[in-house]
Amino acid sequence: MIDTAKPYISTTQQETASLPDPNTLLARDVYERLYALIDEAQNEASKALKVPDQDFDSLRAHNAALIDGARGTGKSTVLVNLPAYLKQRASARHEQRQKSSHFEHDLAVQNKDLLARVHILKPVDPTLLEEHDDLFLHVIVAAVLSDSQVQHSQHDEPKYRAMLRALEDLAHGLESVDAQKEERGLDKLRSFIGNRQLNSKVHAFFRSVLTLLGKDLLVLTIDDVDTALDRAYENLEVVRRYLNTPLVLPIISGDLNLYFEVIWREFQGKIVKPTPKYKEEKANELAIALAIEYQRKVLPVPNRMRMPDIAEYLSDFQIELRSSKIDDRGESIASLGAFHAWLKGFIAGPVNELENSRLALPIPSIRALTQLIRFCGQDRLLEKLPSELRKAKSVLAAKRAGQLASDIKSELVDRFEADYANVTLAKDRDFRPVYKAFADAIREMDRQGRVHTESGISLIEIRRISQRLRELFGSEAEAGATCLVLEAMQHWYSANPSNGSILATPLFQPLRHANSEYESFKKPDSLNWGDALANQLPGYWLDEMTSHEVLVPYPVPESGRWGRLDLKITNSVKDPQDRLLMKLLTHSNYYSQSSRGTKVNIGRLFELLVTSLVRDVSTQDVINIMNRAPFHSTSMLAPTKTQHVAADIDPIEDGESTLEPSLIEPIQQLVELIKAWRVRQQLEYVRFSPWLVYNVFNKVFNQAQFFNRNLRIESNDTYAKTVFQIGLHAFYSIWSACGSFEKGPLFGLPASISTVNLDRPRNFEQNTLFRQNILPFFPQDGNNESDVAFYGKAMRAATYYLGSHPLREWLERAVNSRGGVDEATSIMATNVSDEPDVSELANRHLRRLLGLPSNRATPMLKSLEASLLKLEEDQAKKIINEMHEKYPETEALRRLERAYGKAPTELSRSN
């Protein structure tokens with residue numbers, strides 16, 4: 001049953017400041033603070049009414065309240081709905097107090113009496129001030145006189161006539177203010193005297209209005225004084241001069257930072273204008289100091305309240321979304337916090353937000369949020385949300401509702417996460433029981449007839465939702481990255497996928513960001529490729545790229561490794577699969593105007609892997625990929641094939657040509673293997689995130705600048721081996737990069753990843769990249785029936801699926817058949833940015849943890865034992881656990897564990 005007391009946002013409510021149901025008012029803390037200020041002001045006003053008008057100077061005080069917030073944060077809504085909220089609050093309190101003690105009942109009466117003693121005017125809009133008017137006070141007085149309750153009180157003739165007399169006196173005072181500009185001499189002096197008495201007349205006028213209404217306090221709400229920037233300071237001056245009566249509580253909405261800018265610039269101009277030689281820096285300092293004190297006086301700090309930041313609403317699981325109409329509370333769809341988390345997961349995918357991979361949704365204000373929800377409600381998008389989303393009580397549960405199959409509950413992952421965390425703290429760190437418990441639960445579900453389903457919503461709905469969201473977010477300047485992802489989703493899951501590249505979408509095509517459809521978006525990055533590609537591409541093109549602004553960062557295009565792929569090398573590669581791999585990884589390319597050579601690039605391999613994850617691969621897909629220049633290579637992006645390399649290479653006779661007939665059979669074989677792999681892994685039910693693939697692409701191609709440098713392959717004898725090693729290195733880099741962006745709490749795993757760089761693909765399964773980023777998802781032995789495999793498949797992690805990809809087997813076999821990775825003449829870069837290797841990092845980290853001197857050698861056993869004896873046992877275990885997480889399979893960890901094995905008895909005696 002729906003909780004009618006919960007705050008909610010209606011999916012069908014038109015955009016309006018007036019909300020009929022007080023439960024749709026979200027800024028509860030602001031309303032409560034306003035209630036307290038009104039209560040306090042009413043007490044002071046009731047006392048002031050007992051003091052004669054002539055003693056106004058003894059009563060005046062600055063008590064204005066400020067609702068601070070940027071545009072679109074809901075300030076106007078607060079002002080408009082303040083009476084309704086106070087009425088609801090009093091009614092709720094009254095009902096509650098009736099069941100409580102007499103003392104509490106008295107408080108309820110007090111709450112009810114407060115509403116009876118206060119009159120709240122409709123918000124006054126400063127922008128209504130006409131150009132020929134010069135005093136905001138005119139608008140305020142007009143707002144009071146046009147108030148419906150004031151109009152209805154005309155039947156009380158004595159009090160109404162008294163108000164008219166006070167109004168006439170006030171009008172004479174206002175005339176005196178206007179007359180000061182024109183009059184001279186004695187007349188001007190009389191005007192000054194009239195002006196001096198104006199604030200007393202304002203006080204008397206408000207007093208007469210309250211007497212007419214039978215109230216103690218007039219609450220004057222003023223909406224966005226800062227909106228009329230040309231008069232903002234003058235309008236604040238009206239508040240300072242004339243609304244300092246205790247009978248009126250001005251409640252002003254606006255942006256405090258903008259007020260400050262208006263005020264200090266006003267003061268700065270008055271300081272500098274009469275004294276042009278006044279030092280500007282000193283004038284600024286003085287103006288800022290004066291502005292701070294001015295704000296403190298007119299808008300007292302205790303009376304300021306800040307509208308909630310949009311992030312507070314978006315993370316709130318108490319606010320509901322309801323498919324309600326004005327006269328119907330309707331049905332609860334989900335909490336706002338759950339909807340936002342699901343939507344973020346829908347767009348960004350299972351990215352853990354590490355290594356600058358966070359994609360924030362472009363929802364800058366409460367107005368933008370309500371428009372988004374109404375937009376989704378109108379288009380019936382919310383009806384397709386996963387059923388698990390309705391029950392989600394946390395961000396992770398909501399995201400899992402979109403990532404996992406509907407029959408895998410978030411609670412199952414929570415149990416896995418808790419068990420995993422406990423084992424992490426244990427001495428033996430045996431995770432096998434954790435995976436077994438999870439896998440047994442999945443096996444039991446399979447025995448009961450589990451039906452595999454798409455992740456949350458169908459591909460048809462994915463296309464529709466992504467298209468509609470792209471239309472909505474297209475008006476947000478900060479939405480560039482989000483819109484690129486939504487466009488990629490439409491491209492990937494098109495109803496009729498063409499033979500075009502899966503990566504032929506602006507998210508992976510930075511040069512298309514100059515198109516007109518992206519002009520309105522902010523572009524925080526540029527393509528600074530000049531230094532990395534100097535002497536490789538035309539200078540004029542690189543100069544143009546430096547000023548080419550883009551919506552998201554991009555790696556330097558891959559230049560690749562040069563070589564000469566002649567018939568001798570081609571004929572030496574006998575195996576058809578290897579010949580296909582050679583074709584996939586190399587392509588003919590002009591490197592000077594008169595000759596050509598071949599380059600080794602990883603772009604085709606990357607494109608084929610991504611395509612196989614997203615959809616079925618056809619023979620024509622593979623042929624098209626091989627006939628195109630490699631993805632994100634200099635050959636693809638540069639407007640000419642004219643390139644240069646330091647070493648001279650003889651031209652070859654045969655250039656890029658049509659596909660060899662001998663490759664058709666291995667292509668068909670690869671396509672069939674990929675098809676069988678997709679069926680086995682049930683990838684038709686899995687949706688992959690373009691944002692995840694973008695982050696993997698960015699990371700891998702940055703690393704490719706080091707393991708596939710723009711150098712020459714020196715020997716024809718090592719050409720094929722070099723090519724296959726680069727291909728395998730690229731596959732491992734892609735695989736581990738997926739793990740580095742997927743591993744995290746969404747899947748019940750700690751957000752601890754390895755960020756070391758792959759030196760060479762030799763013994764990859766012993767590398768920390770495999771053990772930390774991949775092993776949690778994929779079994780080391782590759783057994784599809786293992787507990788880890790059940791877990792990885794249930795999580796729908798790309799890291800799991802890539803482990804059994806046919807291209808991995810082909811590349812590993814091609815390298816191993818040629819003697820494996822040649823360490824003596826390794827073609828791989830040692831470490832990106834000349835970072836130290838893993839063992840050195842492990843030694844440094846262990847020494848830092850133990851407080852040992854920071855040399856590079858692995859600490860000796862004796863020094864380790866001595867350091868451990870100085871620690872409590874839980875401290876020693878914590879250090880070992882941290883080394884396991886960050887540097888497994890290193891000599892430093894092995895020595896640490898041997899030292900700990902000798903020291904426990906002494907450790908326990910020392911405690």
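Is Tyr732 buried or exposed? In this predicted model, Tyr732 has a relative accessible area of 5%, so the residue counts as buried. Trp735 is also buried, with a relative accessible area of 0%. Tyr732 and Trp735 form an aromatic pair with 6.4 Å from centre to centre and 35° between the planes, a tilted arrangement. The two residues lie three places apart in helix α30, and are therefore separated by about one helical turn.

Helix α30 spans residues 719–742 and, with 14 residues, gives the most to the largest nonpolar core. That core holds 250 residues. The members that touch the most other members are Tyr313, Ile347, Leu369 and Phe606. In general, nonpolar side chains of soluble globular proteins tend to be buried together. Apart from the largest core lies another core, which has 17 residues. Among the residues of this other core are Ala842, Leu846, Leu864 and Leu893.

The surroundings of Ile347 were examined further. With residues up to four places away in sequence left out, Ile347 touches Leu359, Leu361, Leu469, Phe473, Thr482, Val485, Leu486, Met489, Ser689 and Trp691. Two of these partners, Leu469 and Phe473, also belong to the α19 side of a helix contact in which Ile347 takes part on the α13 side.

Helix α13 covers residues 336–348 and helix α19 covers residues 459–473. Their axes come within 12 Å and cross at roughly 100°. This angle falls in the range of 65 to 115 degrees, which means that α13 is roughly perpendicular to α19. From α13, the contact is made by Trp342, Leu343, Phe346 and Ile347. From α19, the contributing residues are Ile462, Ile465, Ser466, Leu469 and Phe473. By class, the residues of the contact comprise eight nonpolar and one polar, with no charged residue.

Aromatic pairing was considered across the structure, which holds 43 such pairs. A pair of rings is described by the distance of the centres and the angle of the planes. For Phe631 and Phe701 the centres are 5.7 Å apart and the planes stand at 85°, so this pair is edge-to-face. The pair links distant parts of the chain, its residues being 70 residues apart. Phe631 sits in the loop between α26 (619–627) and α27 (634–637), whereas Phe701 belongs to helix α29 (residues 690–707). Both positions are buried: the relative accessible area is 2% for Phe631 and 0% for Phe701.

Phe631 and Phe701 are also part of a cluster linked by ring pairs. The other members of the cluster are Trp492, Tyr493, Phe508, Tyr554, Phe606, Trp691, Tyr694 and Phe697. Of these, Phe606 is named among the residues that touch the most other members of the largest nonpolar core, and Trp691 is a contact partner of Ile347.

Backbone torsions were examined at two loop positions. Most residues other than glycine have a negative phi. Glu355, in the loop between α13 and α14 (366–378), has a positive phi near 55°. Its relative accessibility is 35%, so Glu355 counts as partly exposed. Gln682, in the loop between α28 (664–681) and α29, likewise has a positive phi near 55°. With a relative accessibility of 22%, Gln682 counts as partly exposed.

Terms used:
Residues numbered from 1 in each chain as written. Predicted model: local features only at pLDDT ≥ 70, side-chain atom pairs only at ≥ 80, totals over all residues. Heavy atoms only, no water. Core = buried A, V, L, I, M, F, W, Y, C linked by side-chain atoms within 4.5 Å. Buried < 20%, exposed > 50% of the residue type's maximum accessible area, 1.4 Å probe, protein only. Helix = DSSP H or I, 4+ residues; strand = E, 2+ residues; numbered from the N terminus. Contact = heavy atoms within 4.5 Å. Axes fitted to C-alpha atoms, helices over the stretch in contact; angles between N-to-C directions. Parallel < 35°, antiparallel > 145°, perpendicular 65-115°, else oblique. Nonpolar A, V, L, I, M, F, W, Y, C, P; charged D, E, K, R; others polar. Phe/Tyr/Trp six-rings, centres within 6.5 Å; stacked < 30°, edge-to-face > 60°.
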